Amino acid sequence: MSLPNSTLTVNDRQIEFPVKEGTIGPSVVDISKLYAQTGQFTYDPGFTSTAACESKITYIDGDKGVLLYRGYPIEQLAEHGDFLETCYLLLFGELPTAAQKADFDYRVTRHTMVHDQMNRFFQGFRRDAHPMAIMVACVGALSAFYHDSTDINDEKQRMIASMRMIAKMPTLAAMAYKYSIGQPFVYPKNDLDYTSNFLRMCFAVPCEEYEANPVLARALDRIFILHADHEQNASTSTVRLAGSSGANPFACIAAGIACLWGPAHGGANEAALKMLEEIGRPERVGEYVAKAKDKNDPFRLMGFGHRVYKNYDPRARIMQKTTHEVLAELGIKDDPLLDVAMELEQIALKDEYFIEKKLYPNIDFYSGITLKAMGFPTSMFTVLFALARTVGWISQWAEMIEDPSQKIGRPRQLYTGAPQREYVAVSQRG
Ligand code: CMC
């Protein structure tokens, strides 16, 4: 759809630029010809006003607190759907019929094992290696094992790579965890659903029977749905940028995992739990809120704030409910961390600083408490985020490859370094 052109005045010249309209959300001014017409670039560090692509996958209205996957509200998917159905939706654009779902679940399940030689990779890591470091390496290494699905120009290979990635992430994540605690790897069991299978690979041992608690499995499945995609965030943009050069999908997802690791992004769930532990008691919350507001203190409330959500993160609301369900199921009545979190949320939501800057709890604020209660160590939190986000990354990557207007991503810059100068021999440098 097109709207009337926008006119910009550049160097006293009026130039018209086409405006494109999406189905919902802000329209965009197409400034791709700006440099050719004016010799100037735009400047937008952090891409706060720049749309880098066109996409049909996920929509966020940050002011209203809306998140849609392929048009469906996150609340409805989390309430009624399951994670593999969400994967199908993100990948193919529509909810599956019963037959399509059965076929998809079967195909994902049949790809859960990893090449046996991958087991040896793990021996090379220190036992105390961060599992995200292991994930970056092992997911990148998948391209060394699955040569038959690295040709990005072959639609069939792209689909096989997508299925492999969704299927193998839980296996690799569980292996990274098992390695860190010195327990043997547990192979996937294909008659289990996706999330129960993952819980079993993490928490079963060969000498005992294991059955996943269905309430916890459902809660974790919902957490995976909440994390499945989030349009053009830092890690997804990383995957798109890496993929724009024609790199294979395994390498692109490894790049996305590396970006997700940072505490301003996926690493915030680990950082948020550490912060709650550091605060320790509800009485100390005021002290930390004051630190967060202090301009001279770099401390920030982890799990608070979002680039896009300026009302409430809809995922945080569902996450908070899930936290209470999980704690009730496990019979945890008094969790000191939950007390600290609730006190912090109450105080911050009433504080002028947080109200004025529109800082609300985000998804990471409550996810750590839930995952800890389920038995996951903090170092695994971001790995679980990566596991769930893999489908979003791969859907966005595939959309980019199939977009005829796609070209290599190549931002420009405002150069502020030294102008051209002459080389001086070392003997003559003062
Ligand atoms: N605690 C205290 N002050 C904050 C916080 C916070 N958590 N977040 C932002 N601010 C302040 C910030 O100091 C700035 O103040 P001023 O305008 O006076 O300089 C103002 O709010 C705007 O912050 P910003 O850094 O310019 O905003 P941004 O959109 O670039 O950053 C963010 C968004 C998520 C990186 C940031 O809010 C943050 O660092 N939050 C803590 C980390 C976190 O929870 N990240 C998870 C995000 S959700 C999951 C995901 O997407 O991975």
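Modeller: Before we start, one term: two residues are in contact when heavy atoms of theirs lie within 4.5 Å. Please also keep in mind that this is a predicted model.

Biologist: Thanks! Leaving aside neighbours within four places in sequence, which residues is D364 in contact with?

Modeller: Let us first find D364, which belongs to helix α17, residues 363–374. Once the neighbours within four places in sequence are set aside, its contacts are H227, H265, A268, N269, A272, G303 and F385.

Biologist: Is D364 buried or exposed?

Modeller: The cut-off we need is 20%: a residue under that relative accessible area counts as buried. D364 has a relative accessibility of 5%, so it is buried.

Biologist: Which residues does UniProt list for "active site", and what is the largest C-alpha distance in that group?

Modeller: The unreviewed UniProt entry lists H306 and D364 under "active site". They are spread over 59 residues of sequence, yet they cluster in space, with a largest C-alpha distance of 10.6 Å.

Biologist: How does H306 count by its relative accessibility?

Modeller: You will find H306 in the loop between α13 (285–293) and α14 (314–329). Not counting residues up to four places away in sequence, H306 touches H230 and R315. Values between 20% and 50% fall in the middle class. H306 is at 23%, so it counts as partly exposed.

Biologist: Which residue has its backbone nitrogen 3.3 Å from a polar atom of the side chain of H306?

Modeller: Here we are looking for a polar contact, a pair of N or O atoms within 3.5 Å. At 3.3 Å from a polar atom of the H306 side chain lies the backbone nitrogen of Y309.

Biologist: Now the ligand! How many residues surround it, and how do the residues of its shell divide?

Modeller: The ligand is surrounded by 21 residues, and the closest are H265, K295, L301, G303 and R307. The shell divides into 10 nonpolar, 6 polar and 5 charged.

Biologist: What percentage of the ligand's accessible area does the protein cover?

Modeller: Start with some side chains that reach an oxygen atom of the ligand: a polar side-chain atom of K295 does so at 2.7 Å, one of R300 at 2.9 Å and one of K357 at 2.8 Å. On its own, the ligand has 940 Å² of accessible area, and the share covered by the protein is 75%.

Biologist: Let's move to α8. How many of its residues are buried?

Modeller: Take N197 as an example: this residue lies in α8, residues 194–203, and its relative accessible area is 4%, so it is buried. Y194, F198 and C202 are also among the buried residues of α8. The helix is mostly covered, and the count of buried residues in its 10 is 9.

Biologist: Which helices do the buried residues of α8 pack against?

Modeller: At the start of α8, a side-chain oxygen of D193 comes within 3.1 Å of the backbone nitrogen of T195. As for packing, the partners of the buried residues are α3 (83–92), α4 (98–109), α7 (155–180), α9 and α18 (381–402).

Biologist: What is the phi of N11, roughly?

Modeller: As background, most residues other than glycine have a negative phi. N11 sits in the loop between β1 (2–10) and β2 (13–20), and its relative accessibility of 59% makes it exposed. Its phi is positive although it is not glycine, with a value near 50 degrees.

Biologist: And what is the phi of E231?

Modeller: E231 is in the loop between α9 (214–227) and α10 (234–243). With a relative accessible area of 22%, E231 is partly exposed. E231 is not a glycine, but its phi is positive, at about 40 degrees.

Biologist: One more: what distance separates the C-alpha atoms of L359 and F381?

Modeller: L359 lies in the loop between α16 (352–356) and α17. Leaving out residues up to four places away in sequence, it touches F304, G305, L349, Y353 and F354. F381 is 22 residues from L359 along the chain, and their C-alpha atoms are separated by 22 Å.

Definitions and conventions. Residues are numbered from 1 along each chain as its sequence is written. This is a predicted model: local features need pLDDT of at least 70, side-chain atom pairs count only at pLDDT 80 or more; totals for chains, interfaces and linings use all residues. Side-chain values use heavy atoms; hydrogens and water are left out. A residue is near a molecule or strand if one of its heavy atoms lies within 4 Å of it. A polar contact is a pair of N or O atoms within 3.5 Å; within protein, one must be able to donate a hydrogen and the other to accept it, and residues adjacent in sequence count only if both atoms are side-chain atoms. Accessible areas come from the Shrake-Rupley method with a 1.4 Å probe; for residues, only the protein chains shown count as cover. Ala, Val, Leu, Ile, Met, Phe, Trp, Tyr, Cys and Pro count as nonpolar, Asp, Glu, Lys and Arg as charged, and the others, Gly among them, as polar. UniProt positions are given in the numbering used here, feature names are shortened, and annotations may be inferred rather than shown by experiment. Helices (H or I, at least four residues) and strands (E, at least two) are DSSP runs, numbered from the N terminus. Buried means under 20% relative accessible area, exposed over 50%, partly exposed in between (1.4 Å probe, protein chains only).
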